[in-house]
Amino acid sequence: MISVEEASHLIDQNSLPIREIETLSVSSSLGRVLAKSLKAPLSLPNFRQSAMDGYAVSLHKDLSYRVVGEVQTGDPSNIELKVGECVRIYTGAAVPDSANAVVIQEKVKRIDHNILLETTPKAGQNIRAIGSQVKAGSLCLDKGQLLNPAGLGFIQSLGIESVEVIRQPKVSIIVTGNELTPPGSPLEPGKIYESNSTLLKSALQQKGITPQLVTQTKDTLEGTQAIIEKAEQESDVVLISGGISVGDYDFVGKALENKNVKTIFYRVKQRPGKPLLFGQKDTTFFFALPGNPASTLSCFYIYVSPLLDRLMGLETTGLNRMKLPIAHSYRSDEPRALFLKARVQNEKVQILDSQSSSMLISFAKANALVYIPENGLDLKALDPVEILLLPNGLIH
């Protein structure tokens, strides 16, 4: 058995970004990673732009100016102003070359075709200079940049229609177990409804990944080997839920060995999720996850998610970590590290009930995991404790 830190290090050490590149439209690139650095094909803004609704003036010593026209957003700036003249102008409109300041309309008193200013404006006031956001030909986004909504809007504002991004990881999900019944079917004695496929599929979708294959197999060596072979052929990562412990009907470990998958580590000193296997064959990675739902999801967030980030070209250390005061006392003498479902509220951490690895109800209510290192801690109320923030977990 290895430590949590050793397991994370081995995953990081054995994974590299996917080298394949694909070209996508900008509108289809949310959550993807730039494969090449991006240079600006034009300056932003590419003309002198008004930052306010008001008046573009050709400065002189007087506070009075004569209004000789209007420039709306989208109009060309072909009005030639003489000293002491101005035009009515709107936010985003092109400032005439002969204007050297824009005065906000709230600071102006207009009388027919003349305006009176409160104070003398400064040259360049309220004018966005050409290239003030980015200059043509300059490097504007680096290789490895995660494309968020702002990034996509910025790229499209440069007139770029498509970008080169790292290919998404191809992931397959295999769920094992004779006891599993699909929802909607009658539940026979000794059976349970299968949920881990939806759990893992949803966790992947949070990362913008749609699995290649989602399938279920019975607890037989032959069936397990066959479905692993099928998944391997079309996947960068294969997630197998269940069948990795030491029971008489746990065939996943043997099936992986028979398919020549190299085990990088098996079993981690943690709860939940001790019987976790990480392996590799050629360029395909395998995670054999514990079958209990809370164990499956914990292992996904702590180990699978960072690997997927690495494959997508992201530098990652996993879930965001921080320290906050615990709302109550807590003591653990366990030799294993613990990942406890918790809720952060009012800047304090509350460890939830129902921590069993078979229970998802606490996970459904949690927005964080409390990390208790090996050999435990003795915490008093308001002592700081390390937490891992769950994806999309809102903190109140």
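Is Leu382 buried or exposed? Leu382 is exposed, with a relative accessible area of 54%. This residue returns in one of the close-up views below, which are taken from a predicted model.

**Figure 1. The whole protein, from 7 helices and 28 strands.**
The predicted model holds 7 helices and 28 strands. Its radius of gyration is 30 Å, whereas the globule rule gives 21 Å for 396 residues, so the protein is more spread out than a compact globule. Along the principal axes, the C-alpha atoms fill a box of roughly 95 × 50 × 45 Å. Buried residues make up 47% of the 396. The accessible surface is about 19800 Å², and carbon and sulfur atoms account for 49% of it. Among contacts with a separation of 6 or more, 69% are between residues 24 or more positions apart. The protein has 41 positive and 41 negative charges, and the mean positions of the two sets are 3 Å apart.

**Figure 2. Helix α1 and its buried residues.**
Helix α1 covers residues 4-14, and its buried residues are Val4, Ala7 and Ile11. Viewed down the helix axis, these buried residues fall within an arc of 65 degrees, so they line one face of α1. The spacing follows a general rule. An α-helix has 3.6 residues a turn, so residues three or four places apart point the same way.

**Figure 3. Helix α2, with a buried side and an exposed face.**
Helix α2 runs over residues 149-157, and Gly151, Leu152, Phe154 and Ile155 are buried in it. They span an arc of only 160 degrees around the axis, which puts them on the same side of α2. What do the buried residues of α2 pack against? They pack against β2, β11 (139-141) and β12 (162-166). Turned away from the buried side is a face that carries the exposed residues Pro149, Ala150 and Gln156. Just after the helix comes Gly159, with a positive phi of about 85 degrees.

**Figure 4. Ala94, a buried residue in a loop.**
Ala94 sits in the loop between β6 (85-89) and β7 (101-104). Why does Ala94 count as buried? Its relative accessibility is 9%, and buried means under 20%. Gly74 is 20 residues from Ala94 in sequence, and their C-alpha atoms are 7.4 Å apart in space. Beyond its neighbours within four places in sequence, Ala94 is in contact with Phe47, Arg48, Val71, Asp75, Ser77 and Ile89.

**Figure 5. Two cis peptide bonds, at Pro45 and Pro272.**
Which residue is joined to Pro45 by a cis peptide bond? The partner is Leu44, and omega is about -10 degrees. Pro45 belongs to the loop between β2 (38-39) and β3 (49-50). The other bond shown runs from Arg271 to Pro272 and is also cis, with omega near 0 degrees. Pro272 is found in the loop between β19 (270-271) and β20 (277-281).

**Figure 6. Positive phi at Ser354 and Leu382.**
Neither residue in this view is glycine, but each has a positive phi. For Ser354, phi is near 60 degrees. Ser354 lies in the loop between β25 (348-351) and α7 (361-365). At 30% relative accessibility, Ser354 counts as partly exposed. For Leu382, phi is near 80 degrees. Leu382 is placed in the loop between β27 (377-379) and β28 (384-389). With a relative accessible area of 54%, Leu382 is exposed, the cut-off for that class being over 50%.

**Figure 7. Leu379, a buried residue of strand β27.**
Leu379 is part of strand β27. At 6% relative accessibility, Leu379 counts as buried. Which residues does Leu379 touch, not counting residues up to four places away in sequence? They are Ile326, Ser329, Tyr330, Ile372, Pro384 and Val385. Ile326 is 53 residues from Leu379 along the chain, and the C-alpha atoms of the two are separated by 7.9 Å.

Key:
Residues are numbered from 1 along each chain as its sequence is written. This is a predicted model: local features need pLDDT of at least 70, side-chain atom pairs count only at pLDDT 80 or more; totals for chains, interfaces and linings use all residues. Side-chain values use heavy atoms; hydrogens and water are left out. Helices (H or I, at least four residues) and strands (E, at least two) are DSSP runs, numbered from the N terminus. The radius of gyration is taken over C-alpha atoms; the globule rule is 2.2 Å times the number of residues to the power 0.38. Buried means under 20% relative accessible area, exposed over 50%, partly exposed in between (1.4 Å probe, protein chains only). Contact means heavy atoms within 4.5 Å. Accessible areas come from the Shrake-Rupley method with a 1.4 Å probe; for residues, only the protein chains shown count as cover. Lys and Arg count as positive and Asp and Glu as negative; His and the chain ends are not counted. The place of a charge is taken as NZ of Lys, CZ of Arg, CG of Asp or CD of Glu. The arc is that of the directions from the helix axis to the C-beta atoms.
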